[in-house]
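Reader: I am new to this structure and would be grateful for a close look at a single part of it. Please explain how the charged side chains there are placed, and how that part relates to the rest of the chain.

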Amino acid sequence: MENNRKNRKDFVHIGSVVNQAFRSVRNDADADMMQVWNVWNGVVGSTVAENARPAVFKGNLLLVHVSSSPWLQQLQFLKGDIIFRLNQALKQELIKEIKFKIGPLE
């Protein structure tokens, strides 16, 4: 039993393992882009965040899943403002384009 307790000290939080693995296969700009998930709710507000979530990115393109067609249309009108505010929150111009698609909000 004492041996099991010793081994627990060697445990590492999964977030740090994933972050290290991610940085080893992606460039720094991609790692910076991961911060979108951290700032999303604060940038778009709770109502939009309940109906739209960042899904993936490729280069400077961010794909955002939305809950319905009306939300997709509404966010098209807000796209420029969302890009501007995301880049402000990220403190650099990482996002140049956003595409909205109906999809799972996970």
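Author: One definition is required at the outset: a residue is called buried when its relative accessible area is under 20%, exposed when that area is over 50%, and partly exposed in between. Lys96 therefore counts as partly exposed, since its relative accessibility is 49%. The model discussed here is a predicted one.

A brief view of the whole will help to place the part chosen. The protein chain contains six helices and three strands. Followed along the sequence, these elements come in the order α-α-α-α-α-β-β-α-β. Of the 106 residues in the protein chain, 28% are buried. Among contacts with a separation of 6 or more, 56% are between residues 24 or more positions apart. The accessible surface of the chain is about 7400 Å², and carbon and sulfur atoms hold 52% of that surface.

The part to be examined is helix H6, together with what follows it. H6 spans residues 69-90 and includes Lys79. The helix is kinked by about 60°, with the centre of the kink at Leu78. Which residues of H6 are buried? They are Leu75, Lys79, Ile82, Ile83, Leu86, Asn87 and Leu90. Some general geometry is useful when reading such a list: an α-helix has 3.6 residues a turn, so residues three or four places apart point the same way.

Lys79, a charged residue, appears in that list of buried positions. What does its side chain meet? Beyond its neighbours within four places in sequence, Lys79 is in contact with Glu97, Ile98 and Phe100. With the side chain of Glu97, the side chain of Lys79 makes a polar contact of 2.8 Å. As a general matter, side chains of opposite charge can pair when their charged atoms come close. Here the closest N and O atoms of Glu97 and Lys79 are 2.8 Å apart, and the two residues form a salt bridge. This pair ties together distant parts of the chain, as Lys79 belongs to helix H6 and Glu97 to strand E3 (residues 97-102), with 18 residues separating them. The two partners are not equally covered: Lys79 is buried, whereas Glu97 is partly exposed at 30% relative accessibility.

The whole structure holds three salt bridges. Another of them lies within the helix itself: Asp81 pairs with Arg85, and their closest N and O atoms are 3.0 Å apart. Asp81 and Arg85 stand four residues apart in H6, so about one helical turn separates them. Both are partly exposed, Asp81 with a relative accessible area of 38% and Arg85 with one of 31%. Arg85 also gives a point of reference to an earlier stretch of the chain: its C-alpha atom is 9.7 Å from that of Gly42, although the two positions lie 43 residues apart in the numbering.

Just after H6 comes Lys91, whose phi is positive, at about 65°. For background, most residues other than glycine have a negative phi. Lys91 is not a glycine, and yet its phi is positive. Lys91 sits in the loop between H6 and E3. Its relative accessibility of 75% places it among exposed residues. A further salt bridge joins Glu93 and Lys96, with 3.3 Å between the closest N and O atoms. In this pair, Glu93 is exposed at 58%, whereas Lys96 is partly exposed at 49%.

For comparison, one may turn to a buried charged residue outside the helix. Arg53 is found in strand E1, which covers residues 52-58. Is Arg53 paired or unpaired in terms of salt bridges? Arg53 is buried yet has none, and the nearest side chain of opposite charge, that of Glu50, is 9.6 Å away. A salt bridge requires a side-chain nitrogen within 4 Å of a carboxyl oxygen, so a distance of 9.6 Å does not qualify. The side chain of Arg53 does have a polar contact with that of Asn41, at 2.5 Å. Setting aside residues up to four places away in sequence, Arg53 touches Trp40, Asn41, Leu63, Val64, His65 and Leu105.

To return to the helix: Lys79 is buried in H6 and forms a salt bridge with Glu97, while Arg53 is buried without a salt bridge.

Technical notes:
Residues are numbered from 1 along each chain as its sequence is written. This is a predicted model: local features need pLDDT of at least 70, side-chain atom pairs count only at pLDDT 80 or more; totals for chains, interfaces and linings use all residues. Side-chain values use heavy atoms; hydrogens and water are left out. Helices (H or I, at least four residues) and strands (E, at least two) are DSSP runs, numbered from the N terminus. A polar contact is a pair of N or O atoms within 3.5 Å; within protein, one must be able to donate a hydrogen and the other to accept it, and residues adjacent in sequence count only if both atoms are side-chain atoms. Contact means heavy atoms within 4.5 Å. The bend at a residue is the angle between axes fitted to the seven residues ending there and the seven starting there. Buried means under 20% relative accessible area, exposed over 50%, partly exposed in between (1.4 Å probe, protein chains only). Lys and Arg count as positive and Asp and Glu as negative; His and the chain ends are not counted. Accessible areas come from the Shrake-Rupley method with a 1.4 Å probe; for residues, only the protein chains shown count as cover.
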